[in-house]
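Biologist: Could you take me on a close look at one part of this model? I would like to begin with a single side chain and then work outwards to what surrounds it.

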Amino acid sequence: MRYNFKQYLFFFIIVFITFNSEAQLRDTAKWKALFAVGVNYPTTDGFVTGSYAQSVNFPTINLGIQHMFKTQYGVKLDFGFNRFKNHKDTPEFKINYSRINAQFVFDPSNYIGFLPTRFRTVLHAGPGITFAKPLGTLRDNKQTFLNLLAGLEVHYAINEKVSVFTDVAYIYGVTSLDNYNPALTGLGAFNGSVFNLTFGLAVSLSGCQFCD
């Protein structure tokens, strides 16, 4: 009898810990810091005629801070840095592509019934400003323009404070290239769109959790 009692007690303790852990993981931190690293692909139509970048470029670095008003929605301010270089079939160039974006954040995870507790999906979108700066002797061809960003993050919670995530984002350049005559004088100029694929960490900065 005593052996059975210990078995039941152990079972209920495990169940309690499991449900308590899942409840914590369902909460969304009010403030989060996000850091991610990955690769990028700049679209070919963003370069002057006769030049384009490699299909996969490294690095892409994203740094952000996120504030959730409610469990499902909030805002995020983030900085992104991309480096891309010429394809081997085009004249040589390297470009630093930096951006700052203010974004709306929406977490639809509670409406997706099949997701395990530890997984969250996050949609984010918003306007920003881009600074495209070629390196070396091409510095005069730098550009500054508006952008629109949209992306999807998938988070896996390690615990209630830290999660790992992957982010797929598309950054659309709201501008057009200057006219260069001949086109080669515009080498290094870029005003196109960029696809990003990054992997990172999201860390809670506050003890306050939404429980509604």
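In which strand does H155 lie?

Modeller: Happy to. H155 lies in strand β7. Before we go on, please keep in mind that this is a predicted model, in which local features need pLDDT of at least 70 and side-chain atom pairs count only at pLDDT 80 or more, while totals for chains, interfaces and linings use all residues. Residues are numbered from 1 along each chain as its sequence is written, and side-chain values use heavy atoms, with hydrogens and water left out.

H155 counts as buried because its relative accessibility is 5%, where buried means under 20% relative accessible area, exposed over 50%, and partly exposed in between, with a 1.4 Å probe and protein chains only. Its side chain makes a polar contact with the side chain of S163, at 3.1 Å. Such a contact is a pair of N or O atoms within 3.5 Å; within protein, one must be able to donate a hydrogen and the other to accept it, and residues adjacent in sequence count only if both atoms are side-chain atoms.

Across from H155 in β7 stands R120. Strand β6 (residues 119-134) pairs with β7 in the antiparallel sense over 14 bridges. Pairing requires that DSSP finds at least two bridges between the strands, and the strands themselves are DSSP runs of E with at least two residues, while helices are runs of H or I with at least four, numbered from the N terminus.

Stepping back, 8 strands close into a barrel in the order β2-β3-β4-β5-β6-β7-β8-β9, with antiparallel pairing. From one strand to the next the twist averages 25°, using axes fitted to C-alpha atoms (for helices, over the stretch in contact) and angles from 0 to 180 degrees between N-to-C directions. Elsewhere around the barrel, β5 and β6 are antiparallel and share 10 bridges, with S98 partnered by F131 in β6. Between β4 and β5 there are 13 bridges, again antiparallel, and L77 has A102 in β5 as its bridge partner.

Strand β7 also helps to line a cavity. The structure holds 2 cavities of 30 Å³ or more, a cavity being a set of points on a 1 Å grid over the protein atoms alone where a 1.4 Å probe fits but cannot get out, with lining residues having an atom within 4 Å of a point. The second largest has a volume of about 130 Å³, a volume being the space filled by probe spheres set on grid points joined across faces, edges and corners. Its lining has 18 residues, and N62, K76, D78, E153 and D167 lie nearest its centre. Among the elements that give two or more residues to this lining are β7 (143-157) and β8 (162-174). By class, the lining has 7 nonpolar, 6 polar and 5 charged residues; Ala, Val, Leu, Ile, Met, Phe, Trp, Tyr, Cys and Pro count as nonpolar, Asp, Glu, Lys and Arg as charged, and the others, Gly among them, as polar.

Two peptide bonds also deserve a look. The one from F58 to P59 is cis, with omega near 10°, and P59 is in strand β3. The one from N181 to P182 is also cis, with omega near 0°, and P182 is in the loop between β8 and β9.

Key:
On a 1 Å grid over the protein atoms alone, a cavity is a set of points where a 1.4 Å probe fits but cannot get out, and a pocket is an open set with protein on both sides within 12 Å along at least five of seven lines; lining residues have an atom within 4 Å of a point.
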